[in-house]
Amino acid sequence: MSVIKSFFIALSMYSKIPVPHTEWKEEDMKFVFVFFPFVGVVIGAIELGWFYLCAQVEGIPDICKVFIAAAIPIAITGGIHVDGFMDTMDAFHSYREREKKL
């Protein structure tokens, strides 16, 4: 049962997908790192579904396909990676000396 709880914990940490609430005990956290790639698989499956839908429905402009495809991972993860990217760009483009930037 702790393997299933680990999967739910991984999904709840790195996505906004609703999962059953589980208490985060140490024995349940043992396999969480194993399931981190599966969060990406879930996002990839949803992207694949979007591209399949676009292939079935004619008339969707290409720009719309691209914007929605770019927004899907941001919406699912809650923008966690975009936030990290923005923090990094903020540090790189500040007017501090090189040592403080790094």
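These exercises work through the helix packing of a predicted model.

**Exercise 1. Classify the packing of H1 against H2: at what angle do they pack, and with what handedness?**

Step 1. Locate the helices. H1 covers residues 2–14, and H2 covers residues 32–56.

Step 2. Take the geometry. The two pack at an angle of about 55°, and their axes lie 8 Å apart.

Step 3. Assign the class. Roughly parallel needs an angle under 35 degrees, and roughly perpendicular needs 65 to 115. H1 and H2 are therefore oblique to each other.

Step 4. Add the hand. H1 and H2 cross in a right-handed sense.

**Exercise 2. Which residues build the contact of H1 with H2, and how do they divide by class?**

Step 1. List the H1 side. It consists of Val 3, Ser 6, Phe 7, Ile 9, Ala 10, Leu 11, Met 13 and Tyr 14.

Step 2. List the H2 side. Here stand Val 32, Phe 35, Phe 36, Phe 38 and Val 39.

Step 3. Sort by class. The contact of H1 with H2 has twelve nonpolar residues, one polar and no charged ones.

**Exercise 3. Compare Ser 6 with Lys 30: is each buried or exposed?**

Step 1. Place them. Ser 6 sits in helix H1. Lys 30 belongs to the loop between H1 and H2.

Step 2. Apply the cut-offs. Buried means under 20% relative accessible area, and exposed means over 50%. Ser 6 has 0% relative accessibility, so it counts as buried. Lys 30 has a relative accessible area of 57%, so it is exposed.

Step 3. Check the separation. Ser 6 and Lys 30 are 24 residues apart along the chain, with C-alpha atoms separated by 7.2 Å.

Step 4. Find the partners of Ser 6. Neighbours within four places in sequence are set aside; Ser 6 then contacts Asp 28, Met 29, Lys 30, Phe 31, Val 32 and Phe 35.

**Exercise 4. Test the length of H2: what span is expected, and how far apart are its end C-alpha atoms?**

Step 1. Compute the expectation. H2 has 25 residues, and at 1.5 Å a residue it should span 36 Å.

Step 2. Compare. The end C-alpha atoms of H2 are 37 Å apart, which agrees.

Step 3. Pick out the buried residues of H2. They are Val 32, Phe 35, Val 39, Ile 43, Glu 47, Trp 50 and Cys 54. These buried residues pack against H1 and helix H3 (62–77).

**Exercise 5. Classify the packing of H2 against H3, and name the residues that make the contact.**

Step 1. Take the geometry. H2 and H3 pack at an angle of about 155°, with axes 10 Å apart.

Step 2. Assign the class. An angle over 145 degrees counts as roughly antiparallel. H2 and H3 are therefore roughly antiparallel to each other. Their crossing is right-handed.

Step 3. List the contact. H2 supplies Ile 43, Ile 46, Glu 47, Trp 50, Phe 51 and Cys 54. H3 supplies Cys 64, Lys 65, Ile 68, Ala 69, Ile 72, Pro 73, Ile 76 and Thr 77.

Step 4. Sort by class. The contact of H2 with H3 has eleven nonpolar residues, one polar and two charged.

**Exercise 6. Set Ala 69 beside Glu 58: is each buried or exposed?**

Step 1. Place them. Ala 69 is part of helix H3. Glu 58 is in the loop between H2 and H3.

Step 2. Read the accessibility. Ala 69, at 12% relative accessibility, counts as buried. Glu 58 has a relative accessible area of 78%, so it is exposed.

Step 3. Find the partners of Ala 69. Leaving aside neighbours within four places in sequence, Ala 69 touches Glu 47, Trp 50 and Phe 51.

Step 4. Add a distance for Glu 58. Its C-alpha atom is separated by 37 Å from that of Ala 10, 48 residues away along the chain.

Conventions
Residues are numbered from 1 along each chain as its sequence is written. This is a predicted model: local features need pLDDT of at least 70, side-chain atom pairs count only at pLDDT 80 or more; totals for chains, interfaces and linings use all residues. Side-chain values use heavy atoms; hydrogens and water are left out. Axes are lines fitted to C-alpha atoms, for helices over the stretch in contact, and angles run from 0 to 180 degrees between N-to-C directions. Helices (H or I, at least four residues) and strands (E, at least two) are DSSP runs, numbered from the N terminus. A crossing is left-handed if the near helix is turned anticlockwise from the far one by less than a right angle, and right-handed if clockwise. Contact means heavy atoms within 4.5 Å. Ala, Val, Leu, Ile, Met, Phe, Trp, Tyr, Cys and Pro count as nonpolar, Asp, Glu, Lys and Arg as charged, and the others, Gly among them, as polar. Buried means under 20% relative accessible area, exposed over 50%, partly exposed in between (1.4 Å probe, protein chains only). The expected span of a helix is 1.5 Å times one less than its number of residues.
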